[in-house]
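Here is a friendly note to read with the model open beside you. Take the points in order, and find each residue on screen as you go.

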Amino acid sequence: MTDIVTSRRPFPVPADEDARLAALAAYDIVDGAPEPDLQLIAQLAADVCGTARAVVNITAAQYQHQVAAVGMAPQVCDRGDSMCTISILEPAAVVLADASTDPRFADNPHVDGTMDSIRLYAASQLRVGDGQVIGTLCVFDTEVRELTAVQRAGLDRLARMVVDVLELRRHSGLLTEALRDREQTLAELEATHQELLRSNTALQQFAGQVSHDLKNPLTGVLGFISSLAEVPAVADDETATWMLQRVMSSSTRMWRMIEDVLAHAAVSGAPDFVPVALSDITGQVLEDLHDAITAADARIDVDELPAVIGDATQLRVLLQNLIGNAVKYRHPQRRSTIRISSALTGGIQSISVADNGRGIPPADRAKVTELFTRVHTDVEGTGIGLATCQRIIAAHHGTLSFRDTPGGGTTVTVTLPPAPTTASASPCGTAAHSSISPAADATEPAGLRRPSMADARDAVHRSHGDAAAPIWAKLLRTSQLTGHETSDDALPQLLRAMTALDPVSRLCAHAIGIRLAAHTNTATTTRSAA
């Protein structure tokens, strides 16, 4: 222990005083708002011990603060004058029938008559979780007398109650701070979200302006080049014809680059998630690429492809880039063979485009999705296609990976969320659950139950976890529904609100909507047949 001299009296301090003061600061009890429960505990201590006075003392760096007091007004005294400055150093409670006979306290101003004439003195330490003593629960009187064993035990228990109150105060402060930080974080996220929306809107507007400002003049250039090529003086001049072909080739490359850049910008917005039949999309892409496929003499095998949840336009751009690359980067010494297949593993739907072309070296695979990166520079291209694919897959919360095709070439695999195929298979878990869903009507077709509000609520809980309760309340408010207006007839109204809320809710809404539409159509057909 080290003595510290103050303006009045020196006082001893624990060897770990800095750690003790750090523990005390966590409770914010000295300078913070008063704690009413401490006053009640002090009153209980006085009643249990039969004393006129009881205090809750907090021992700070230089002063002792009475944060609750019975039989006297709360005071702040110099730590050197405090009796409890000694008591906090003791391993157990200090209980004295006559403090004037104890050499530790005999000359204390609260004992020798200078400030008071305390005789009965009992102090139980406030020992917090890490073992530090931050103060005492103290009872005292001017009469000499003993405390019973029951009274001593009661004082110790009440001291532990003081610590419990302080711990509750500390945790409440931490929770308040966490909530304040969360609100600030949510506000920052909302501001960032709004800025992204504004930025995406500006980018799309810019893309449209670029389309007008660059493509239209370039169209004129290409038209004039075509007309110039038909002029007899140019057509008959071998050098002029060669130069004109070079101009046409360069202009065409510029046109393609503008198209690729605009396509890349166009996928920056949030996808419009709907069920998409990949077999139909693939057929459309193969029609668009017919001339390139024919010119390359490429063979394309398409397996049965599934339906997925995604943005139809973006997925078409994705497949067009992947298949187009497979055709473009074919191997010069063998016929191009491309296979488009799918697999469902662990609930994850994957689509693969495998070719036997030039391949992508493993060292280059990490960078090929970066904008304007090209591996095979001897083949015409812009280095934008795979970057666009990466953005599309990221927007769909999927993955894009590369591996070698056995025998040579590259296999590109993407993962996408699967579309629901039956009432019991939904990405948002909207299958019937007997514990929360009403029983199916006996007149409904076998195996097809009309989705209910309970299914929607279950989907929200499954997809949003701990945040489900406030999100469900927000959906009801947005739908202008109350707790008494949540019949199943209001389900379409709720689904519209889910679609506008966020991408995850939109997925769930589409999944339930598919079931609702299927039920309506099937039920109508069944009634008509009847």
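1. Let's begin with two residues that are both out of reach of the surface: D116 is buried, and R53 is buried too. Please keep in mind that this is a predicted model.

2. What do D116 and R53 form? They form a salt bridge, and their closest N and O atoms are 2.8 Å apart. D116 sits in the loop between β6 (94–96) and β7 (120–127), while R53 belongs to strand β3 (residues 53–59), so this pair ties together parts that are 63 residues apart in sequence. As a piece of background, side chains of opposite charge can pair when their charged atoms come close.

3. Now turn to R79, which makes a salt bridge with E17; here the closest N and O atoms are 2.8 Å apart. Where do the two partners lie? R79 is in the loop between β5 (76–78) and α3 (84–87), and E17 is in helix α1 (residues 17–25), so the bridge ties together parts that are 62 residues apart in sequence.

4. Are R79 and E17 buried or exposed? R79 has a relative accessible area of 0%, so it is buried. E17 is buried as well, with a relative accessible area of 10%. Both values fall under 20%, the cut-off for calling a residue buried.

5. A further pair to find is R104 and D102, whose side chains meet in a salt bridge at 2.9 Å, N to O. R104 counts as partly exposed because its relative accessibility is 35%, whereas D102 is buried, at 12% relative accessible area.

6. Some of these bridges share partners. Which residues are joined into one network in this way? They are E17, R20 and R79. For the wider picture, a search of the whole structure finds 13 salt bridges, so do look for others on your own screen.

7. Finally, have a look at A61, which is placed in the loop between β3 and β4 (63–70). A61 is partly exposed, with a relative accessible area of 36%. Which residues does A61 contact, leaving aside its neighbours within four places in sequence? They are F11, L21 and R79; you have already met R79 as the salt-bridge partner of E17.

8. One of those contacts deserves a second look. A61 and L21 are 40 residues apart along the chain, and their C-alpha atoms are separated by 7.0 Å.

Note on methods
Residues numbered from 1 in each chain as written. Predicted model: local features only at pLDDT ≥ 70, side-chain atom pairs only at ≥ 80, totals over all residues. Heavy atoms only, no water. Salt bridge = Lys/Arg side-chain N within 4 Å of Asp/Glu carboxyl O. Helix = DSSP H or I, 4+ residues; strand = E, 2+ residues; numbered from the N terminus. Buried < 20%, exposed > 50% of the residue type's maximum accessible area, 1.4 Å probe, protein only. Contact = heavy atoms within 4.5 Å.
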